[in-house]
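Trainee: I have a list of labels for this model and want to know what earns each one. Can we go through them one by one?

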Amino acid sequence: ATMDPHVAFLLLRGMKTLHVRMAAHCANAREVATALTGRPGVRNVYYPGFEGHAGHAVAARQMDDFGGMVSVEFAGGRPAAAAFLESLKLFDHAVSLGDVASLACHPASTTHQLLPKEMLDAEGVTEGLVRLSVGIEDAGDLVADVLQAAEAAARVTQAVGAG
């Protein structure tokens, strides 16, 4: 397959700023993951930059930084995850990854919805899990957004008696 000239131009232009964008993704993801850790109603925050993450050693060996992906699991299950997603203002709802814009999705009802429950359970894809692909927006704005959304999830968790 051969690229047309315009696509080649766009690819080359994007490659020139990839290192700057990746630094922002990584820094922002670290801020978001740290902010969500220990919040009421949050059962787990999965981020390979945390030393307790199962893949931390491999990520530290293979990567310069830890990427822009963060997953958060809410104790209130699907209702809490839904409240979190519905409360987000800066994160777009999409199943894509790696955009310059921050994205959020509920894997159990989107990307993994056709898998049997046994497989979801074995892989840790719970009803309370939300995947965040953290973009390059202002870190303070992103943190403020996930914290206010986490408060909504915590209220639901408390209402369902799961937290």
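Trainee: What makes H56 buried rather than exposed?

Mentor: This is a predicted model, so the value is computed from predicted atoms. H56 has a relative accessible area of 16%. Buried means under 20%. The value falls under that cut-off, so H56 counts as buried.

Trainee: Where does H56 lie, and which residues does H56 touch?

Mentor: H56 lies in helix α3. Leaving out residues up to four places away in sequence, H56 touches P48, G49, F50, E51 and F66.

Trainee: What makes the approach of H56 to P48 a polar contact?

Mentor: A polar atom of the H56 side chain lies 2.8 Å from the backbone oxygen of P48. The cut-off is 3.5 Å. The distance is within it, so the pair qualifies. The H56 side chain also reaches the backbone oxygen of F50, at 3.4 Å. That is within 3.5 Å too.

Trainee: F66 is on that contact list. Why is the pair of Y47 and F66 called edge-to-face?

Mentor: Two values describe a pair of aromatic rings: the distance of the centres and the angle of the planes. For Y47 and F66 these are 6.5 Å and 70°. Rings pair if their centres lie within 6.5 Å, and planes over 60 degrees apart count as edge-to-face. At 70° the label is therefore edge-to-face.

Trainee: Which parts of the chain does this pair link?

Mentor: Distant ones. Y47 sits in the loop between β1 and α3, and F66 in the loop between α3 and β2. They are 19 residues apart.

Trainee: How do you know whether Y47 and F66 are buried or exposed?

Mentor: Y47 has a relative accessible area of 1%. F66 has 17%. Both values are under 20%, so both residues are buried. Y47 and F66 also belong to one aromatic cluster together with F50.

Trainee: Why is the pair of F74 and F84 called tilted?

Mentor: The centres are 4.8 Å apart and the planes make an angle of 40°. Under 30 degrees would be stacked, and over 60 edge-to-face. An angle of 40° fits neither, so the pair is tilted. F74 lies in strand β2 and F84 in helix α4, so the pair ties together parts that are ten residues apart in sequence.

Trainee: What makes F74 and F84 eligible for a nonpolar core?

Mentor: The residue must be of a listed type, Phe among them, and buried. F74 has a relative accessible area of 0%. F84 has 0% as well. Both are therefore buried. They appear, with L36 and L132, among the residues with the most contacts inside the largest nonpolar core, which has 29 residues.

Trainee: Which elements supply this core?

Mentor: α2, β1, β2, α4, β5 and α6 each supply at least two residues. α6 gives the most, with six.

Trainee: What does F84 touch?

Mentor: Beyond its neighbours within four places in sequence, F84 is in contact with L36, F74, V130, L132, V146, A149, A150 and A153. L36, in turn, touches V42, V45, V72, F84, L132, V146 and A150, with residues up to four places away not counted.

Trainee: Which elements do the buried residues of α4 pack against?

Mentor: They pack against α2, β2, β3, β4, β5 and α6. F84 is one of these buried residues, and so are A80 and L85.

Trainee: How do you know that β2 and β5 pair?

Mentor: Two strands pair if there are at least two bridges between them. β2 and β5 have five, in the antiparallel sense. The requirement is met, so they pair. V70 stands opposite L132 in β5. β1 and β2 pass the test too, since four bridges join them, also antiparallel. There V42 has F74 as its bridge partner.

Trainee: Why are β1 and β3 called edge strands?

Mentor: The open sheet has the order β1-β2-β5-β4-β3, with mixed pairing. β1 and β3 each have a single partner strand, so one side of each is left without a neighbour in the sheet.

Trainee: What makes β2 mostly covered?

Mentor: Five of its six residues are buried. Helix α2 lies across β1, β2 and β5, at about 15° to β2.

Conventions
Residues numbered from 1 in each chain as written. Predicted model: local features only at pLDDT ≥ 70, side-chain atom pairs only at ≥ 80, totals over all residues. Heavy atoms only, no water. Contact = heavy atoms within 4.5 Å. Axes fitted to C-alpha atoms, helices over the stretch in contact; angles between N-to-C directions. Core = buried A, V, L, I, M, F, W, Y, C linked by side-chain atoms within 4.5 Å. Buried < 20%, exposed > 50% of the residue type's maximum accessible area, 1.4 Å probe, protein only. Phe/Tyr/Trp six-rings, centres within 6.5 Å; stacked < 30°, edge-to-face > 60°. Polar contact = N/O pair within 3.5 Å; in protein donor to acceptor, adjacent residues only side chain to side chain.
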